[in-house]
Amino acid sequence: MASRLVVLISGSGSNMLALADACERGEVPGAIMCVVADRPCDGLRAAEERGLNTLLLEPAGFADRAAWSEALRDAVAEHRPDLVVSAGFMRILAPVFVDAFMGRLINLHPALLPAFPGAHAVQDALDAGVEVTGSTVHFIDHGVDTGPVIMQEAVSVEPGDTVASLHERIKTVEHRLLPAACRALLSNHLS
Ligand code: GRF
């Protein structure tokens, strides 16, 4: 039976689209049941245009962060997901959300964790002058980018790289890495 995926996004959604393509091609044994965004964004529009089920859940519509986190948890749980994928979701998930999906909740991060956690990973790698950075798919736990690593791939930093050029090259890798990690997880090829 096909697995059920929910994808959380905040931005361009290119990784969500790569995952949707991989699902459609049968490379990932599942289907995206819903794309959830915390703000209006290009990724949400692209998901709609593609005919995917979408949900916009903005924190501003709730009394506080706790109420929003509970609403997010309930909205995602409704889809009975086998895997919840944070792909460019620019908010830290509250314990009430993480606890609900622990072990089937993963994140895509644009650096070789544990190096360069946080929201400015590409900039931080450039500032540090490293020659190699990359991308990581990892389980989400209660820390910021601290959970167990599932898959990683290295990307070279080239002379003259800017945040934009380096991030673009990292994303090219991520468009393969995220589906590969989802495939491995959903096919029980990980222990
Ligand atoms: C990716 O680089 C991911 O690693 C980071 O945010 C970016 C999302 O890009 N967390 P996109 O919205 O999928 O294009």
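## His109, a buried residue

His109 is buried in this predicted model. Its relative accessible area is 3%. Buried means under 20%, so a value of 3% puts His109 in that class.

Where does His109 sit in the fold? His109 is found in strand β5. That strand covers residues 105-109.

The side chain of His109 has two partners to look at. One is the backbone oxygen of Phe116, reached at 2.7 Å. The other is the side chain of Asp145, with a polar contact of 3.4 Å. His109 also belongs to the group of residues that surround the ligand.

## Around the ligand

Which residues surround the ligand? From the early part of the chain come Ser12, Gly13, Ser14 and Asn15. Gly88, Leu108, His109 and Pro110 are also in the shell. His167, Lys171 and Glu174 complete the list.

Sort them by type. Two of the shell residues are nonpolar, seven are polar and two are charged.

Three elements each supply at least two residues of this shell: α1 (14-24), β5 (105-109) and α6 (163-186). The largest share comes from α6, with three residues.

## Contacts and cover

Now look at the oxygen atoms of the ligand. A polar side-chain atom of Ser12 lies 2.5 Å from a ligand oxygen. In the side chain of His167, an N or O atom is 2.6 Å from an oxygen of the ligand. Pro110 takes part through its backbone: a polar atom there is 3.3 Å from a ligand oxygen.

How much of the ligand does the protein bury? Taken alone, the ligand exposes 370 Å². The protein buries 91% of that area. The space that the ligand takes is the largest pocket.

## Asp82, a partly exposed residue

Is Asp82 buried or partly exposed? Its relative accessibility is 38%, and partly exposed lies between the 20% and 50% limits, so Asp82 counts as partly exposed. For His109, by contrast, the value is 3%.

Asp82 has its place in a loop. This loop runs between α3 (65-77) and β4 (83-86).

Find Ala31 as well. Asp82 and Ala31 are 51 residues apart in sequence. In space, their C-alpha atoms are 10 Å apart.

## Putting it together

Return to His109. It is a buried residue of strand β5. His109 is one of the residues around the ligand, and its side chain makes a polar contact with the side chain of Asp145. Asp82 is partly exposed and sits in a loop.

Notes:
Residues numbered from 1 in each chain as written. Predicted model: local features only at pLDDT ≥ 70, side-chain atom pairs only at ≥ 80, totals over all residues. Heavy atoms only, no water. Near = heavy atom within 4 Å. Polar contact = N/O pair within 3.5 Å; in protein donor to acceptor, adjacent residues only side chain to side chain. Areas by Shrake-Rupley, 256 points an atom, 1.4 Å probe, with all protein chains shown as cover. 1 Å grid on protein atoms, 1.4 Å probe; cavity = no way out; pocket = protein on both sides within 12 Å on 5 of 7 lines; lining within 4 Å. Sits in = over half its atoms within 2 Å of the grid points. Helix = DSSP H or I, 4+ residues; strand = E, 2+ residues; numbered from the N terminus. Nonpolar A, V, L, I, M, F, W, Y, C, P; charged D, E, K, R; others polar. Buried < 20%, exposed > 50% of the residue type's maximum accessible area, 1.4 Å probe, protein only.
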